[in-house]
Amino acid sequence: MAFDQRFLEELRQRLPLHSIISRKVKVARSGRHWKACCPFHGEKTPSFYIYDDHFHCYGCGVHGDVISFVMQSEGRSFNEAVSELASLAGIEVPEQTPQQKQRQEQQHNLYELMTAAHEYYLSEFQTPKARVAREYLLNRGITQQTIREFGLCWSGDGRGGLVEYLKTKGYELKHIGEAGLLRRQADGQWGGELFFNRVMYPICDKRGRVIAFGGRIIGDGQPKYLNSPETPLFSKRRVLFGLNHLSSVFSRKDIDPLYNTVIVVEGYMDVIALYQAGFHGAVAPLGTALTQDQLGLLWRASSQPVLCFDGDGAGRRAMLHAAEEALPILTSEQTLNFISLPDGEDPDSFVQRYGSEAFINIIRQRKNLSETLYTLSVNAMTDQSPEQRAALKARLTFIAQQITDQNLSKEYRKVLMDRFYEQFYPRNGKFDRKSLSNKQKSLVLNTQLVRPTIHKNQVDYERMCILIALLLYCPIIIASVEEALCRLELPEDLAQIREALLDLPYEHEDISLYLKQKNIFELAEKIKKSSNLTLLNHNNYDKNSDFQQVEKQWWHFYGWLNIQELEDQVVQAQQAWIQSPDEKNQRTLIARLNALEAVKRGEIDT
């Protein structure tokens with residue numbers, strides 16, 4: 001029974017090879033890969049190496065993929081091995097219908113047809129008519145050796161030469177069209193050749209088989225770059241240009257490991273230029289944003305691939321999209337790193353101008369995913385108004401919620417919120433301007449955010465205890481007071497409880513059980529007793545209670561705790577308005593005066 005190639009590829013991707021082999025022998029990490037004592041011949045020193053998509057024993061020479069391992073280790077037939085692995089992967093084995101069998105035969109023929117088409121394009125590349133293509137590549141700094149290694153070629157003039165050549169190989173017009181080499185006419189019939197007057201970039205699967213082409217126009221014409229359409233062999237969402245070269249990074253041991261970094265760039269020439277500069281792990285999506293299927297391919301090669309985009313607005317948008325695409329499938333063992341190039345540079349121009357060592361230094365400055373998401377989100381702010389800060393806070397919370405791994409989601413929320421409060425409500429009362437962009441620094445100059453100063457006296461401590469006790473009695477109000485809560489400079493015991501309460505929505509609804517798990521239950525009970533709080537009775541409180549009354553009390557005590565700071569802000573606002581009596585300063589002064597008056601009246605506004 002023959003199986004559809006896409007089904008077999010999905011099966012291989014879903015089952016990490018080392019996990020299947022570890023059922024038979026003990027495996028151990030060896031750099032990026034795994035090794036073991038060979039299960040097929042007796043040995044005491046491991047010579048059996050497990051790579052991304054295959055295994056190889058350097059002792060007995062046995063070699064294969066996950067399917068052949070099951071066949072050889074368990075004496076199964078191909079069909080039996082596939083059925084067993086499909087069961088482990090939780091996917092159904094597709095029934096073999098006559099149509100599927102015909103489609104598989106078609107795929108096999110298309111592989112051969114694409115190889116023949118590549119042969120034709122290579123022959124055209126040597127003709128006098130291809131001089132313009134050869135000069136284009138050489139002028140871009142591409143060497144003859146790199147041209148050969150990537151199989152770069154020339155489409156010809158598109159006047160039927162390819163079709164005639166393939167017909168001599170026995171292929172009919174419909175086969176050539178199904179391979180994506182012809183244009184589809186309005187009546188549904190196959191027309192002329194899709195590629196003409198273009199430098200051709202063969203697109204290969206990870207086994208090195210040509211499955212599609214990309215063509216770059218020479219001279220006038222649109223589009224500048226043209227890819228093959230979707231075919232039985234080619235789905236651009238499931239392929240990366242340069243994927244077939246990734247295996248070479250695993251065998252290079254005598255160079256700086258950073259040269260073996262798996263790097264995602266934007267275009268064909270970026271991949272080729274980096275490869276020529278020594279970075280054999282460069283790959284690129286094919287005219288689309290990075291997809292989850294492509295991320296899966298990357299993570300099979302590296303647990304932390306690096307995404308590199310052009311240093312412009314489009315590059316930053318592509319970076320943000322890729323980061324967001326990764327969130328739902330992120331795990332503690334597979335993540336992303338990011339590097340940014342200077343404005344106006346792409347990887348091709350950068351290595352041509354500055355060389356490999358300069359690009360190594362760029363890689364050394366890579367940023368992790370959480371840092372990249374935070375920076376991109378902050379840079380999207382147009383100003384530092386309360387509305388913009390609230391929108392940023394909601395955005396950061398939303399980002400963390402997209403991660404399906406709950407433990408990792410909670411860690412991201414904590415890291416992103418810590419960065420948010422550190423930047424906009426720093427503990428020392430001043431902004432850390434070193435961490436801000438030039439754009440943000442200019443905004444900060446027009447924004448006055450002063451942390452409240454807590455006087456270390458008994459009255460203030462009791463008020464702080466009341467604030468925490470109210471949250472312990474009524475955790476439902478935490479979300480509405482979170483920002484103000486984080487602005488308080490609390491003593492260590494209260495700060496410990498605050499940190500736990502801020503994580504509560506991601507943990508339990510049972511507050512007592514949660515506090516016990518955090519080993520702070522006794523401390524929390526002590527704080528509640530010391531607060532002398534009589535307006536609520538914890539024993540009869542439930543979710544249906546009037547939490548608005550509790551929230552009002554919380555803001556009342558918060559206002560009294562910070563009345564001195566609020567008065568100071570009023571003075572500052574008055575001085576700013578006197579120096580510059582514009583509408584903005586007037587609004588600020590009025591808001592501060594209203595807030596101070598409300599606190600003195602005992603209202604909730606602060």
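Begin by selecting helices H16 and H17 in this predicted model, that is, residues 386–401 for H16 and residues 406–424 for H17. Their axes come within 8 Å and cross at roughly 160 degrees, and since an angle over 145 degrees counts as roughly antiparallel, the two helices are therefore roughly antiparallel to each other. The crossing of H16 and H17 is right-handed.

Keep both helices selected and display the side chains that form the contact. On the H16 side, show Arg389, Leu392, Lys393, Leu396, Thr397, Ile399, Ala400 and Gln401; on the H17 side, show Ser409, Tyr412, Arg413, Leu416, Met417, Phe420, Tyr421 and Phe424. If you colour these residues by class, ten come out as nonpolar, three as polar and three as charged.

Next, move to a second helix pair by selecting H12, residues 313–326, together with H15, residues 369–379. Here the axes come within 10 Å and cross at roughly 130 degrees; this angle lies outside the ranges for roughly parallel, roughly perpendicular and roughly antiparallel pairs, and H12 and H15 are therefore oblique to each other. H12 passes H15 in a left-handed crossing. To see what joins the two, show Arg316, Met319, Leu320 and Ala323 of H12 along with Leu369, Thr372, Leu373 and Leu376 of H15. By class, the contact of H12 with H15 consists of six nonpolar residues, one polar residue and one charged residue.

The next stop is a single residue, arginine 148, which you will find in helix H7, residues 144–150. Is arginine 148 buried or exposed? Its relative accessibility is 60%, and because the threshold for an exposed residue is over 50%, arginine 148 counts as exposed. Add leucine 122 to the selection and draw a distance between the two C-alpha atoms: arginine 148 and leucine 122 are 26 residues apart in sequence, while in space their C-alpha atoms are 9.6 Å apart.

Finally, clear the selection and bring the whole protein into view, coloured by secondary structure, where there are 26 helices and 16 strands. Switching the colouring to accessibility would pick out the buried residues, which make up 47% of the 606 residues in the protein. With a surface drawn, the protein exposes about 30,300 Å², of which carbon and sulfur atoms supply 48%. A contact map offers a last view: among contacts between residues at least 6 apart in sequence, 65% join residues at least 24 apart.

Methods:
Residues are numbered from 1 along each chain as its sequence is written. This is a predicted model: local features need pLDDT of at least 70, side-chain atom pairs count only at pLDDT 80 or more; totals for chains, interfaces and linings use all residues. Side-chain values use heavy atoms; hydrogens and water are left out. Axes are lines fitted to C-alpha atoms, for helices over the stretch in contact, and angles run from 0 to 180 degrees between N-to-C directions. Helices (H or I, at least four residues) and strands (E, at least two) are DSSP runs, numbered from the N terminus. Angles under 35 degrees count as roughly parallel, over 145 as roughly antiparallel, 65 to 115 as roughly perpendicular and the rest as oblique. A crossing is left-handed if the near helix is turned anticlockwise from the far one by less than a right angle, and right-handed if clockwise. Contact means heavy atoms within 4.5 Å. Ala, Val, Leu, Ile, Met, Phe, Trp, Tyr, Cys and Pro count as nonpolar, Asp, Glu, Lys and Arg as charged, and the others, Gly among them, as polar. Buried means under 20% relative accessible area, exposed over 50%, partly exposed in between (1.4 Å probe, protein chains only). Accessible areas come from the Shrake-Rupley method with a 1.4 Å probe; for residues, only the protein chains shown count as cover.
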